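User: I would like to go through this model with you one point at a time, with the reasoning set out before each result.

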Amino acid sequence: MTGRIIPTIGGSMPMNAMETDAQKVLRMEADAILNLIPRVDGHFDAAVKLIMECPGRVVMTGMGKSGIIAHKISATLASTGTPSFYLHPAEGIHGDLGMVTGNDVVIALSNSGETGEVLNILPSLRRIGAKLIAMVGNPESTLAKNSDVVLNVGVEREACPLGLAPTSSTTAALAFGDALAMALMGKHHFTSKQFAVFHPGGSLGRRLLLTVGDIMHTGDENPVVKGTNTVTEALFVITDKGLGAVSVVDDEDHMIGLLTDGDIRRGLSKGIGFLNRPVTELMTKEPKFITKEKLAAEALHVMESHKPKPITVLPVLDAEKHVIGLLHMTDLVRQGVV
């Protein structure tokens, strides 16, 4: 058992060298991000303005680790309302520059600002007429001097103990790219519904796109009884529909209450005489409800925020308070909203 530290009862675990080094890396990278905050200044504003006035797309480019960061920033931009794609600079000089137009803004990432592959596409970008934003660690570099806007994302040192592997610099560039994307998102007044359109897959899309009307039980699946029905008759309906509740309506199908299997169980503690009584004597009057055009996520909020404890069913009403459906918590679980 070498190299393993075992904590003692009542004491703290001694920190080994590996943990110390790992924490040092995290602190250095966190400091690199914090040092960027004062650089959200006029240069940042100019970059946002240039992109907002751009009739085309934002073209991200970078080589090596910077290219990976550029690819991620491009994906974030595209998913939050700013059309964007990634251009590999080495592929660019072999024909892919044809994807860039004079209406586009190019954001080039290079910590040194002297990356050969990126510099090689500068003349063509200028000839095409695209605007250029440099995201660099050296604002005096060739790339910076040939750009319309310069964003200084330089760091004091890399977290790599050798000072060689891109670590703090890539983290800083990624964070600054996120800040830029979120600023643009705000400028575009980008909404959660628009976000959902770009993310239709998975639970995220379901959470943002599904409405109550998409998943509620309606028609023959909607358990409804009249106020004149007995509790026993309502219990049969609850059992048949399997949703644990029944909406109670008047002769014109307006909601007057809700009866749940929990209400019936609590009633049984007082005897069985109530089973032949009208449901109006046991039901919950003025229960929580929702309309079909509301998002399923909002229905979840209504259920979970109910006091004194969460509820599992919601009647669905139309504008005239007619009962048109019933929504159960299991429906939200099944659709991945929960």
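User: Which residues does Val100 touch, not counting residues up to four places away in sequence?

Analyst: In this predicted model, Val100 sits in the loop between helix 4 (89-92) and strand 3 (105-110). With a relative accessibility of 6%, under the 20% cut-off, Val100 counts as buried. One of its partners, Ile128, is 28 residues away in sequence, yet the C-alpha atoms of the two are 7.6 Å apart. Leaving out residues up to four places away in sequence, the residues touched by Val100 are Val59, Leu87, Val106, Leu125, Ile128 and Ala130.

User: What is the order of the strands in the open sheet of three strands?

Analyst: Strand 6 is joined to strand 7 by three bridges, and these two run parallel, whereas strand 7 (residues 245-249) and strand 8 are joined by five bridges and run antiparallel. The pairing in this open sheet is therefore described as mixed, and the order of its three strands is 6-7-8. Strand 6 (224-226) and strand 8 stand at the edges, each with a single partner strand, so one side of each has no neighbour in the sheet.

User: Which helix packs on the sheet, touching strand 6, strand 7 and strand 8?

Analyst: From one strand to the next, the twist of the sheet averages 30°. The helix that packs on the sheet has a direction making about 130° with that of strand 7, and the helix in question is helix 11 (residues 231-241).

User: Is strand 8 largely enclosed by the rest of the structure or left open, and how many of its six residues are buried?

Analyst: Strand 8 stands at an edge of the sheet, so one of its sides is left without a neighbour there. Within the sheet, Thr260 of strand 8 is the bridge partner of Ala245. Strand 8 (residues 255-260) is nevertheless largely enclosed by the rest of the structure, because the number of its six residues that are buried is five.

User: Which residue takes a positive phi in the hairpin of strand 7 and strand 8?

Analyst: The two strands of this hairpin run antiparallel, and five residues lie between them. The residue in the hairpin with a positive phi, near 65°, is Asp253.

User: How many residues apart in sequence are the parts tied together by Asp178 and Lys72?

Analyst: The side chains of Asp178 and Lys72 meet in a salt bridge, with an N to O distance of 2.8 Å. Asp178 lies in helix 7 (residues 168-187) and Lys72 in helix 3 (residues 65-79), so the pair ties together parts whose separation in sequence is 106 residues.

User: Is Asp263, which forms a salt bridge with Arg266, buried or exposed?

Analyst: The closest N and O atoms of Asp263 and Arg266 are 2.7 Å apart. Because the two are three residues apart in helix 12 (residues 261-268), about one helical turn separates them. Arg266, at a relative accessible area of 48%, is partly exposed, whereas Asp263 has a relative accessible area of 10%, which is under 20%, so Asp263 is buried.

User: How many disulfides does a search of the whole structure find?

Analyst: Cys54 counts as buried at 14% relative accessibility, and Cys160 likewise counts as buried at 14%. Burial by itself does not settle the matter, and the search of the whole structure gives a number of disulfides equal to zero.

User: Over which residues does pLDDT stay under 50?

Analyst: The protein chain averages a pLDDT of 90, and 91% of the residues score at least 70. One stretch, for which the model has five contacts beyond four places in sequence, stays under 50, and that stretch is residues 5-11.

Conventions
Residues numbered from 1 in each chain as written. Predicted model: local features only at pLDDT ≥ 70, side-chain atom pairs only at ≥ 80, totals over all residues. Heavy atoms only, no water. pLDDT = per-residue confidence, 0-100. Contact = heavy atoms within 4.5 Å. Disulfide = S-S within 2.5 Å. Buried < 20%, exposed > 50% of the residue type's maximum accessible area, 1.4 Å probe, protein only. Helix = DSSP H or I, 4+ residues; strand = E, 2+ residues; numbered from the N terminus. Pairing = 2+ DSSP bridges. Axes fitted to C-alpha atoms, helices over the stretch in contact; angles between N-to-C directions. Salt bridge = Lys/Arg side-chain N within 4 Å of Asp/Glu carboxyl O.
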